Amino acid sequence: MTAVADERVGGFGVWYGVTAGIVFWAAHVSGMAVITPFVCHSGQYVWYHVLSIATLAPTLAAFLPSWQAWRSDAGLGGLRFLGGMGLLVTAVSALAILAEWVPVFVLDACAS
């Protein structure tokens, strides 16, 4: 990579890659708990899907800067490490969001 490309890899992008998955997974868990009374009262289950997509999309978007940092050949070990951690955190967080979304298709959250 050129020096210009390596400058784009670092900074905000790599930290977004490391932290976004955790933040959006936490927002998903909290959001699912907060909207459940509304969904049960109104019967509009679409809000579970809206929330899941709204948190999964930016989590997956964190994959790109993490991948770029991990693949960077600038010789910066810290940048490569943060990129690898970002890939790991993004993958685990995306899987957690998906694991919380799948039961919406199978189970009734409002069943007594």
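**Exercise 1. Which residue lies over the face of W70, and at what distance from the ring centre?**

Solution. A quick word before we start: the model is predicted.

Step 1. Look at the face of the W70 ring: R80 lies over it, 5.4 Å from the ring centre.

Step 2. Check this against the cut-off, which asks for CZ of Arg within 6 Å of the ring centre. The 5.4 Å of R80 meets that distance limit.

Step 3. Now see what else W70 belongs to: together with F63 and W67, W70 makes up one aromatic cluster.

**Exercise 2. Classify the ring pair F63 and W67: is it stacked, tilted or edge-to-face?**

Solution. Step 1. Recall what you need: a pair of aromatic rings is described by the distance of the centres and the angle of the planes.

Step 2. By the pairing rule, with centres within 6.5 Å, the count comes to five aromatic pairs. For F63 and W67 the centres are 6.2 Å apart and the planes are at 20°, so this pair is stacked.

Step 3. Place the pair in the chain. Both residues sit in helix α4 (residues 63-71), and because they are four residues apart, about one helical turn separates them.

Step 4. Finish with accessibility. F63 counts as partly exposed because its relative accessibility is 41%, and W67 counts as partly exposed at 37%.

**Exercise 3. Find the nonpolar patch on the surface and say which helix gives the most to it.**

Solution. Step 1. The patch is formed by F38, V46, W47 and V50, which together have about 370 Å² of accessible area.

Step 2. Assign the residues to elements: helix α3 (residues 46-61) gives the most, with three residues.

Step 3. Take V50 as a test case. V50 is found in helix α3, and its relative accessibility is 40%. Buried would require under 20% and exposed over 50%, so V50 counts as partly exposed.

**Exercise 4. Describe the largest nonpolar core and the helices that build it.**

Solution. Step 1. Set the scene: the chain has five helices and zero strands, and 34% of its 112 residues count as buried.

Step 2. List the members. The largest nonpolar core has ten residues, namely M32, I35, V39, Y48, L51, L56, A94, I97, W101 and V104.

Step 3. Map them onto the helices. Two or more residues of this core come from each of α2 (12-42), α3 and α5 (77-106), and α5 supplies the largest share, with four residues.

Step 4. For context, nonpolar side chains tend to be buried together in soluble globular proteins.

Notes: Residues are numbered from 1 along each chain as its sequence is written. This is a predicted model: local features need pLDDT of at least 70, side-chain atom pairs count only at pLDDT 80 or more; totals for chains, interfaces and linings use all residues. Side-chain values use heavy atoms; hydrogens and water are left out. Patches are made of residues with over 30% relative accessible area and no salt bridge: like charges are joined within 9 Å, nonpolar side chains (Val, Leu, Ile, Met, Phe, Trp, Tyr) within 5 Å. Accessible areas come from the Shrake-Rupley method with a 1.4 Å probe; for residues, only the protein chains shown count as cover. A salt bridge is a side-chain nitrogen of Lys or Arg within 4 Å of a carboxyl oxygen of Asp or Glu. Buried means under 20% relative accessible area, exposed over 50%, partly exposed in between (1.4 Å probe, protein chains only). Rings of Phe, Tyr and Trp (its six-membered ring) pair if their centres lie within 6.5 Å; planes under 30 degrees apart count as stacked, over 60 as edge-to-face and the rest as tilted. A charge sits over a ring if NZ of Lys or CZ of Arg is within 6 Å of the ring centre and within 35 degrees of the ring normal. A nonpolar core is a set of buried Ala, Val, Leu, Ile, Met, Phe, Trp, Tyr and Cys residues joined through side-chain atoms within 4.5 Å.
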